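This report introduces a structure to a reader who has not met it before. Please look over the sequence and the structure shown here, and then follow the text through confidence, packing, strands and one helix.

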Amino acid sequence: MDITQQNGVEEHNCTQHYEVLQELGDCYTSVGNYAQAQRCYEKAASLGPDEAGPYVGLGVVALQQELFDDAEIAFRVACRLDPGSAKAYTGLAMVSQQKKDYQQAFELYMKSLELDSDNITALLGLFQTSCQMGSFAKIIHYLRVYLNMHPGDTSVMFSLAALYTKQNQFEQSQKILLDILALDPANQEAANLLEEVEHSLAQGSHTQT
Amino acid sequence: MGDTFENYAGEPKRNEMPAGPPKSQGPMVSILMPTFNRRRYLSEALASAVHQSYANLQVIVINDGGQDVGDIVNAYGDPRVVLINRKENRGKAFSLNEALARAKGKYIAYLDDDDLYYPNHIEALVNALENQTDCRVAYSDLYKTYCNIMPDGSRQILGKVVEISRDFDRFLMLYFNHALHVSLMHRADLIEKTGLYNEHLSILIDWDMTRRLAFFSDFCHVPQITGEFYSPVGECDRISIQQRKNKSDYLRNVLAIRTTRPAKPWPKIDDMSIIFVADKLDKQAGRTIGSIWRHTFYPYKLYLPLPQADFSRLNTDMPNIELMPVEPVTSLSQRVDAALRRCDGNYVAIVPSGFRIQEMWIENPLYALINSSAAREGFELEGSTDVLWAAVVKKQDLQYARKNSPEQSVRQSLTSAGIAMRKPSIEELPFQFDGLLRQAQLAEKDGSWIQAARMFEYIAENYRNELWMKTRAARAFYKAGDHGRASELSKQVNQQRPTVDTLLLEAKVARERNDLNAAIERLARAQQILLGKADCLAAAETNGYPAQAKSFERSRG
């Protein structure tokens, strides 16, 4: 005869405090208040000891402060708690990248993108690592997958166009650059690259004739 | 106290803090605090009672035969605190009655030994009662605090949710409790009318009292959050919850409560008389009577106009039965007439033996009748037929009909008297709010979030309980992906009465919009509420009770 019996215990009610702290930690991280962010994540970790989120947060905070060993430990804990956490693998990849272990970083970014192909941080990290390693074949695939989901993302479109250009695939590059300029006619970078690509295409055509 | 977040974005608002020194003006309030073997939490509960923004208090702690709590109470050295230190365990109802005998206040408030008042609790309720002349009972909203009990007995707060913020509904109060006892305050003199707490009940003693209070007063719902009660996750040690597991005992208590009729006059409830019509008291009649007992929650008295010889076969503990001996040759109409002369209810139901009785069998048509504006109208009961005719009418209409046409059957006489008999439409039934709420909750369960959200919004617009329903709507809109509407509704709620849930929702949307400062401000306020117990400690310190503050701090672990 108590109305509360009708409602039952919603799972949300038991994770509310955790959620507040996790959100607050993320916000503090975004504004660069790492000390407060760290306190929030630590408290969140005590409320949700099986959750990977706070450890990802702690890893990011450590990474931002260039405490790479601390960051690696936090991201590893997050991976152990949730082997499906793309963010944790991205974090580990970023640590490897900072430590100039590009091969390891590349593999970890790839792993992260396998778990979540929508992860822009991993995608851009992979792009950077690819550039650092001079290997572009795999990144092209992921950029295309990402663009299928976010067709209007001009920064990723430009990255892909740049890669096609480096691979001498001028026609693909030209098509994408025209698409960028259709979406954003004032995009000077795209306009400059297009000029370069069209010049290369014209040269190629001239050579053929 | 290593747990505060005082450095969050600027100065967090302590919206539960008293604005200034405790108010010494105003009528005395007696706070009744029964306790039994919960030393761990008593200190904190007591601190919250003593450190109110309203000073004219009498706090009566009743140790119901548990571990000694004298040291905890004496630590306050506060003349307003009285300890009844009984060695024998007699139960909560006995303890409350014992405290009521010692209460000197104009108003009575309640606090369990493991719950908490915020410092504005008493002041908010006194204000409501002093300003609302029609209400002699008031109640506020409370957080249900989900927590883990740690190995040292301390509580780890997982969430704080206002699960009920229900405006008063008398009909509902007769069916179940929607005013938590910890949030309740009533005039002390009402106890003279309701009678004391029922010491024969093992559970639901609070609902028994709020139900009885509803016979004599309207309740004022103060939609402020003025305290919290705890819900440990997993196995719960609450005595009341343990006791509810015994189903037959639970039912026995419910039936005892439903059939309790305080002494008349009842200014707020019209009595109902049920006239049971049968040739004789056979098994079928016995079953019908038993069903009436089990399925009726509106206050009633059952009249049995039967031959004297039948009464010896009546073997029941059912209360509120009036036996009316009639000659065996008397017709059924004459039996109704005989009973009608004795009925003291404003409404009369006529129910034949063998009539199918189920939940809401009488309450549905009765509610329609109570709220009907038609001058001469009665309602037939669901399942009524020519053979088993059952109805509820106003007593004066039935008297008029029987006086005009005593030779006719009851049904014919009502028709002859121009009393229109019909069945209630769906819109006339009680608990419309609850029906819609149930549908919205089902939509939520099915994952139909947008449908649920719209229903919650519709309920908020049309069926009162606005803040509660807007909060539910905001959450459902967020789940449905309409973050804009979720934020808008949360903002509306937060402007009136911020809650953790609505602050969290508003913050999430602010963050999505990259308004990080706004998000941090909302989240810091949510966190402040989650750690809200610090307010009691701060109040203790500012009110000059350093020893109690230390004791309070120790009690928090």
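Two strands count as paired if DSSP finds at least two bridges between them. With that in mind, one may turn to strand 15 of chain B in this predicted model, where Val392(B) is the bridge partner of Ala349(B). Phe379(B) also stands opposite Val392(B) in strand 15 of chain B. The pairings of strand 15 of chain B are set out below.

| Strand of chain B | Partner | Sense | Bridges |
|---|---|---|---|
| Strand 13 (residues 347-352) | Strand 15 (residues 391-394) | antiparallel | four bridges |
| Strand 14 (residues 377-380) | Strand 15 | antiparallel | two bridges |

Which residues, beyond its neighbours within four places in sequence, is Val392(B) in contact with? They are Tyr347(B), Val348(B), Ala349(B), Ile362(B), Pro365(B), Leu366(B), Leu369(B), Gly378(B), Phe379(B) and Leu381(B).

Val392(B) also belongs to a wider picture, since together with Met33(B) it has the most contacts inside the largest nonpolar core, which has 119 residues. Helix 1 (residues 39-50) of chain B gives the largest share of this core, namely seven residues, and at least three residues are drawn from each of domain 1 (29-258) and domain 2 (272-428) of chain B. Another core, of 94 residues, lies apart from it, and includes Tyr41(A), Leu193(A), Tyr478(B) and Ala507(B).

Tyr478(B) is one of the buried residues of helix 18 of chain B, among them also Trp468(B), Arg472(B) and Phe477(B). Helix 18 of chain B is mostly covered, with 11 of its 15 residues buried, and these buried residues pack against helix 16 (432-445), helix 17 (449-462), helix 19 (483-496) and helix 20 (500-512) of chain B. The length of helix 18 (residues 466-480) of chain B can be checked: at 1.5 Å a residue its 15 residues should span 21 Å, and because its end C-alpha atoms are 20 Å apart, the two values agree. Just after helix 18 of chain B, Gly481(B) takes a positive phi of about 95°.

Finally, a word on confidence. The model scores ipTM 0.85 and pTM 0.85, while chain B has a mean pLDDT of 90, with 89% of its residues at 70 or more. The pLDDT is below 50 over residues 1-19 of chain B, a stretch that has 32 contacts in the model beyond near neighbours in sequence. Over residues 533-549 of chain B the pLDDT is likewise below 50, and that stretch has 38 such contacts.

Key
Residues numbered from 1 in each chain as written. Chains lettered and ligands numbered in written order. Predicted model: local features only at pLDDT ≥ 70, side-chain atom pairs only at ≥ 80, totals over all residues. pLDDT = per-residue confidence, 0-100. Contact = placed C-beta atoms within 7 Å. Core = buried A, V, L, I, M, F, W, Y, C linked by C-beta atoms within 7 Å. Buried ≥ 20, exposed ≤ 12 C-beta atoms within 10 Å, placed from the backbone. Domains from an automatic or database assignment. Expected span 1.5 Å × (residues − 1).
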